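I am opening my notebook for a structure I have not met before. Come and look along with me, entry by entry.

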Amino acid sequence: YYDCIYYPEIELIKRVTKPILGICEGYELIAHTYGSEIKKLEYKRTGVRRLDILNEKSDLVRGIDNLTVYEAHRFAIAKVPDEFEAIAESESGIEIMKHKTKKVFGFQFHPEVTTEHNTGKEVLMNLIYSL
């Protein structure tokens, strides 16, 4: 599915030398490009959800004690590709990942959505400041 519909995007992800961030389906596309399996959820996850931080030393979650983000997705990544590090997860899968050597990042959630108790924007700002 992804290879047919998103061929130009997949090629861009493979060749990019500048920082890249995939959000939601973009995150899934990055994971797919690097060989991760994408699983379909039983129902669409929507709303603010709490995430478990897997790597507290990551710049992406610096200064965030209670990581809560806005989600709206039907798919999930159970395991990050080998070249990536998992930063945070929910009960449905990995929610934040970072390439180990390149500036390639993925968020399953929507940091651009402004809701009460959403620290997704803080994760995005941490990413911007770390570049």
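These are my notes, starting with the whole chain and then going into its parts.

**Entry 1: the whole chain**

I began by reminding myself that this is a predicted model. I then looked up the elements, and found four helices and seven strands in the chain. Reading from the N terminus, I wrote down their order as α-α-β-α-β-β-β-β-β-β-α. The radius of gyration is 14 Å, close to the 14 Å from the globule rule for 131 residues, so I noted the chain as being as compact as a globular protein of that length. I also drew a box along the principal axes, and the C-alpha atoms fill roughly 40 × 35 × 25 Å.

Next I asked how much of the chain is buried. The value I found is 47% of the 131 residues. The accessible surface comes to about 7500 Å², and carbon and sulfur atoms hold 51% of that area. For contacts with a separation of 6 or more, I noted that 62% join residues 24 or more positions apart.

**Entry 2: the nonpolar cores**

I wanted to know which residues touch the most other members of the largest nonpolar core. This core has 16 residues, and the ones I was after are Ile13, Ile30, Phe84, Met97 and Val104. At least two core residues come from each of helix 2 (7-15), helix 3 (25-33) and strand 6 (94-99). Helix 3 gives the most, with four residues. A general remark fits here: in soluble globular proteins, nonpolar side chains tend to be buried together.

I followed Val104 a little further. Setting aside neighbours within four places in sequence, I listed its contacts as Val16, Ile20, Ile30, Phe84, Met97, Lys98 and His99. There is also a second, separate core of 14 residues, with Val61, Ile64, Phe109 and Leu127 among them.

**Entry 3: helix 3 and helix 2**

In helix 3, I marked Tyr27, Glu28, Leu29, Ile30, Ala31 and Thr33 as buried. After this helix comes Gly35, and its phi is positive, near 100°.

In helix 2, I picked out Leu12. Is Leu12 buried or exposed? Its relative accessibility is 51%, and the cut-off for exposed is over 50%, so Leu12 counts as exposed. I also checked Leu12 against Asp82: they are 70 residues apart in sequence, and their C-alpha atoms are 19 Å apart in space.

**Entry 4: aromatic pairs**

I found two aromatic pairs in the structure. In one of them, Tyr34 and Phe84 have ring centres 4.9 Å apart and planes at 75°, so I wrote "edge-to-face" beside it. Tyr34 lies in the loop between helix 3 and strand 2 (38-50), while Phe84 lies in strand 5 (residues 84-89), so the pair ties together parts that are 50 residues apart in sequence. Tyr34 is buried at a relative accessible area of 17%, and Phe84 is buried at 3%.

The rings of Phe107 and Phe109 have centres 5.0 Å apart and planes at 10°, so this pair is stacked. Both of these Phe residues are buried.

**Entry 5: strands side by side**

I turned to strand 1 (residues 20-23) and looked at its two faces. Ile20 and Gly22 form the covered face, whereas Leu21 and Ile23 form the uncovered one. The general pattern is that side chains in a regular strand alternate between the two faces of the sheet.

How do strand 1 and strand 7 (residues 104-107) run, parallel or antiparallel? They run parallel, joined by four bridges. One partner I noted is Gly106 in strand 7, opposite Gly22.

Strand 2 and strand 4 run antiparallel, with nine bridges joining them. Across from Gly47 I found Glu71 in strand 4. Seven of the 10 residues of strand 4 (residues 68-77) are buried, so I recorded this strand as largely enclosed by the rest of the structure.

**Entry 6: a histidine in a loop**

My last stop was His110, in the loop between strand 7 and helix 4 (120-130). Its relative accessibility is 14%, so His110 counts as buried. Not counting residues up to four places away in sequence, His110 touches Ile23, Cys24, Tyr70, Ala72 and Asn118. I also looked up His73: its C-alpha atom is separated from that of His110 by 9.4 Å, with their positions 37 residues apart along the chain.

How values were computed: Residues are numbered from 1 along each chain as its sequence is written. This is a predicted model: local features need pLDDT of at least 70, side-chain atom pairs count only at pLDDT 80 or more; totals for chains, interfaces and linings use all residues. Side-chain values use heavy atoms; hydrogens and water are left out. A nonpolar core is a set of buried Ala, Val, Leu, Ile, Met, Phe, Trp, Tyr and Cys residues joined through side-chain atoms within 4.5 Å. Buried means under 20% relative accessible area, exposed over 50%, partly exposed in between (1.4 Å probe, protein chains only). Contact means heavy atoms within 4.5 Å. Two strands pair if DSSP finds at least two bridges between them. The radius of gyration is taken over C-alpha atoms; the globule rule is 2.2 Å times the number of residues to the power 0.38. Accessible areas come from the Shrake-Rupley method with a 1.4 Å probe; for residues, only the protein chains shown count as cover. Rings of Phe, Tyr and Trp (its six-membered ring) pair if their centres lie within 6.5 Å; planes under 30 degrees apart count as stacked, over 60 as edge-to-face and the rest as tilted.
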